[in-house]
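Here's a quick tour for anyone opening this structure for the first time. Take a moment to turn it around before reading on.

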Amino acid sequence: MKFIGLTGGVGAGKTTVLKAMKQMYRVRILIADEIAHEQMEPQTTCYKRLREVFGDCDIWREDGQIDRPKLAQLLFSDEERRRTLNGIVHPAVKEYILSEVEKERKRGDYDYVILEAALLIEDHYDTVCDELWYVYASPQKRKERLMADRGYSEQKVEQIFAAQLSDKIYRKYCQVVIDNDRDEQYVLEQIKQLYKSEEK
């Protein structure tokens, strides 16, 4: 079983690559954002820590859940609090992921466990994954997708692009590059070629 870290800019089409992998192999997919949400639910160690640190902030609903829009607003306006939150949540997410990968290695039910995460490189997953894969699409293609699929304005897209890693950095850290500038069939062909090269 291989543990693959999948990353790429917003709008590059990471979901398309995951879908193609599921068509061809026995794959378990872990989505870092979803895991982070789960780790912030009541009763988790991570949640209790957040309660200790952010207890005085106006981000809590009456039922004890975190009011996510209010949290997003707080983090957007306070860089130090954003770093504090990441320092609590990211290690909890990583611990969960590594525990699940270990379980799957022992079970042997999958060919791949694939972790999809925006901050794969920043959070140093290169030290724990067998390979990092970079999903590439040109800035123009990504912009078209984000404006069409998510209704983003051109200004919002430019802001997102400015905050993300450069193509050069992705290519420096990732062993495999999947070009997703065309259609799904093109992605499938590249994955088939990867599989052939692994068989040699």
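What follows looks at the sheet, the helices on it and a cavity.

## The sheet

Keep in mind that this is a predicted model. Start with the open sheet: five strands sit side by side in the order β2-β3-β1-β4-β5, and they pair in parallel. At the edges you'll find β2 (27-31) and β5 (176-179), each with pairing on one side only. Ignoring direction, neighbouring strands are turned against each other by 25° on average.

Now zoom in on one edge. Strand β2 runs parallel to β3 (residues 112-116), and five bridges join the two. If you want a spot to look for, Ile-31 stands opposite Glu-116 in β3.

## Helices on the sheet

Two helices are worth picking out here. Helix α5 (residues 79-107) packs on the sheet and touches β1 (2-7), β2 and β3, with its direction at about 175° to that of β2. Helix α2 (residues 32-39) lies across β2 and β3, and runs at about 60° to β2.

## A cavity

How many cavities of 30 Å³ or more does a search of the whole structure find? Just one turns up, and its volume is about 40 Å³.

Its lining is made up of Thr-16, Lys-19, Ala-20, Gln-23, Glu-184, Val-187 and Leu-188. Helices α1 (14-24) and α9 (184-199) each supply at least two of the lining residues, with α1 giving the most, four residues. By character, the lining splits into three nonpolar, two polar and two charged residues.

Definitions and conventions
Residues are numbered from 1 along each chain as its sequence is written. This is a predicted model: local features need pLDDT of at least 70, side-chain atom pairs count only at pLDDT 80 or more; totals for chains, interfaces and linings use all residues. Side-chain values use heavy atoms; hydrogens and water are left out. Two strands pair if DSSP finds at least two bridges between them. Axes are lines fitted to C-alpha atoms, for helices over the stretch in contact, and angles run from 0 to 180 degrees between N-to-C directions. Contact means heavy atoms within 4.5 Å. On a 1 Å grid over the protein atoms alone, a cavity is a set of points where a 1.4 Å probe fits but cannot get out, and a pocket is an open set with protein on both sides within 12 Å along at least five of seven lines; lining residues have an atom within 4 Å of a point. Grid points are joined across faces, edges and corners, and a volume is the space filled by probe spheres set on the points. Ala, Val, Leu, Ile, Met, Phe, Trp, Tyr, Cys and Pro count as nonpolar, Asp, Glu, Lys and Arg as charged, and the others, Gly among them, as polar.
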